[in-house]
Amino acid sequence: MNTSLSPSGRLAGLSPASPEEIAAQMVAAAVWAPSVHNTQPWWFRAGGQEISLYADVSRQLRLADPAGREMMISCGAALFTARLALRSLGYIPETRVLPDQGQPSLVARVGWQRRADPAEYEQRLFGWVRQRRTHRGGYGPLPLAPELLTALQAGAARDGALLRIITGEGSKAALAAVVETAERAMRLDAAYVQELARWVSPPGSTRADGVPATAYPARPDRTDPYFPGRDFAHGRGWGLPRFSFAAASPSAGVVCLLTTEADRPGDWVNAGQALQRMLLASATCGVAAALHSQPLELPWLRDYICAHWCDGAYPQLLLRLGTVAQAAASVRRPPGSVLVTSGGEPPGAGHD
Ligand SMILES: Cc1cc2nc3c(=O)[nH]c(=O)nc-3n(C[C@H](O)[C@H](O)[C@H](O)COP(=O)(O)O)c2cc1C
């Protein structure tokens, strides 16, 4: 994040807030980060001029995500958002990312002492934290500006990740086939189906986590090439009326892989930070992202992607980017339910 002081050294229009207010605002923003199946696998402890972010292991997907990789990516996205909120308040985040051998669920600590005006682009990114939505469908035919893709790649590099744009039609088709293979395998596996079902809610539900019926189309697009989405509705007809294109085969968009050099929990957190940076930067340009983590949850398909498209690096997410009008809506738990002050007990059960 850009943390340079303004030439005047003053913070235009930003009055200092109490540590409690700052922590509350950081968490109020962070909860809007994306997370696998909207599990929101995080909680925060505030104390003094610092917050600690923990993974809520009771929300980990035991079958799809036994190592906690997607949980940590989700927490990384929340971490980036908390840092961005701090910047929007005119503070410079001092971030320490795990590991802490004694506390495996501790993801990061973020402190703040010094102040500096937020840069204009930080304000713009922050403006999209609540509005950004995951897209689940096809895109229009317009290509994305090469400058945007270059900027997204530079952004990912700042968080220690690499954004690989898949350019060849053959490679795109092959990756689509890998996603379809994964999706078929998961739909045939009763345990996978059950785990996903636990994070899907019926229309009209007031549940504040999981994937609501307002977040995906009732009739999914058949993109060209075909990247099938998750089977959230499971034949129950849930979902939004068509909000994408009337075209029979809308574009799959720009296909990309977010990778990291190593595959440790700290790399997963970095991937999550890079993910949220790129999702928000895309959103500021009217570009939405569809996320396909299905093949990365099956070790044999993850290995296949790793061997063919990653030059020895580790694939953390497969995405499609494009321009589309979105109608999707999502839900979040109230920030107060995931924030404890120092000395307090972690919310919910299942924490280490
Ligand atoms: C690690 C990770 C993996 C994800 N995988 C998928 C996926 O395979 N399919 C999908 O539709 N959404 C996927 N998502 C998006 C989440 O479902 C989404 O972030 C969540 O439902 C909240 O909705 P929002 O992003 O619109 O706020 C993934 C998100 C993360 C962070």
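The buried residues of helix α6 pack against α5 (169-187), where contact means heavy atoms within 4.5 Å and buried means under 20% relative accessible area, with exposed over 50% and partly exposed in between (1.4 Å probe, protein chains only). The model is a predicted one, in which local features need pLDDT of at least 70 and side-chain atom pairs count only at pLDDT 80 or more, while totals for chains, interfaces and linings use all residues. Residues are numbered from 1 along each chain as its sequence is written, and side-chain values use heavy atoms, with hydrogens and water left out. Helices (H or I, at least four residues) and strands (E, at least two) are DSSP runs numbered from the N terminus.

Helix α6 spans residues 190-197, and its buried members are Tyr-192, Glu-195 and Leu-196. These three lie on the same side of α6, because they cover an arc of only 100° around the axis (the arc of the directions from the helix axis to the C-beta atoms). Ala-190 and Gln-194, on the other side of the helix, are exposed. Where α6 starts, the backbone nitrogen of Ala-191 has a side-chain oxygen of Asp-189 within 3.0 Å.

Turning to the sheets, five strands, counted as paired if DSSP finds at least two bridges between them, form an open sheet with mixed pairing and the order β3-β4-β2-β1-β9. Its edge strands, β3 (91-97) and β9 (339-341), each pair on one side only. Neighbouring strands here are turned by 25° against each other on average, direction ignored; axes are lines fitted to C-alpha atoms, for helices over the stretch in contact, and angles run from 0 to 180 degrees between N-to-C directions. Strand β1 (residues 42-46) pairs with β2 in the antiparallel sense over 5 bridges, and Phe-44 has Leu-53 as its bridge partner in β2. Two helices lie across this sheet: α1 (residues 19-30) crosses β1, β2, β3, β4 (106-115) and β9 at about 130° to β4, and α2 crosses β1, β2, β3 and β4 at about 160° to β3.

A further open sheet has 4 strands in the order β5-β6-β8-β7, paired antiparallel. Strands β5 (162-166) and β7 (287-292) stand at its edges with a single partner strand each, so one side of each is left without a neighbour in the sheet. From one strand to the next, the twist averages 30°. Between β6 (residues 254-260) and β8 (residues 314-323) there are 7 bridges, and Cys-256 stands opposite Leu-319 in β8. Helix α7 (residues 265-284) packs on this sheet, touching β5, β6, β7 and β8, with its direction at about 5° to that of β8.

The largest nonpolar core (buried Ala, Val, Leu, Ile, Met, Phe, Trp, Tyr and Cys residues joined through side-chain atoms within 4.5 Å) holds 65 residues, and those touching the most other members include Trp-42, Phe-44, Leu-258 and Leu-319. Helix α2 (residues 69-88) gives the largest share of this core, 12 residues. Another core, of 24 residues, lies apart from it, with Ala-182, Trp-199, Leu-296 and Ala-313 among them.

One buried charged residue deserves a look. Arg-59, in the loop between β2 (50-55) and α2, is buried, with a relative accessible area of 15%. Its side chain makes a polar contact with the side chain of Asp-209 (2.9 Å), a polar contact being a pair of N or O atoms within 3.5 Å; within protein, one must be able to donate a hydrogen and the other to accept it, and residues adjacent in sequence count only if both atoms are side-chain atoms. A polar atom of the Arg-59 side chain also lies 2.8 Å from the backbone oxygen of Thr-39.
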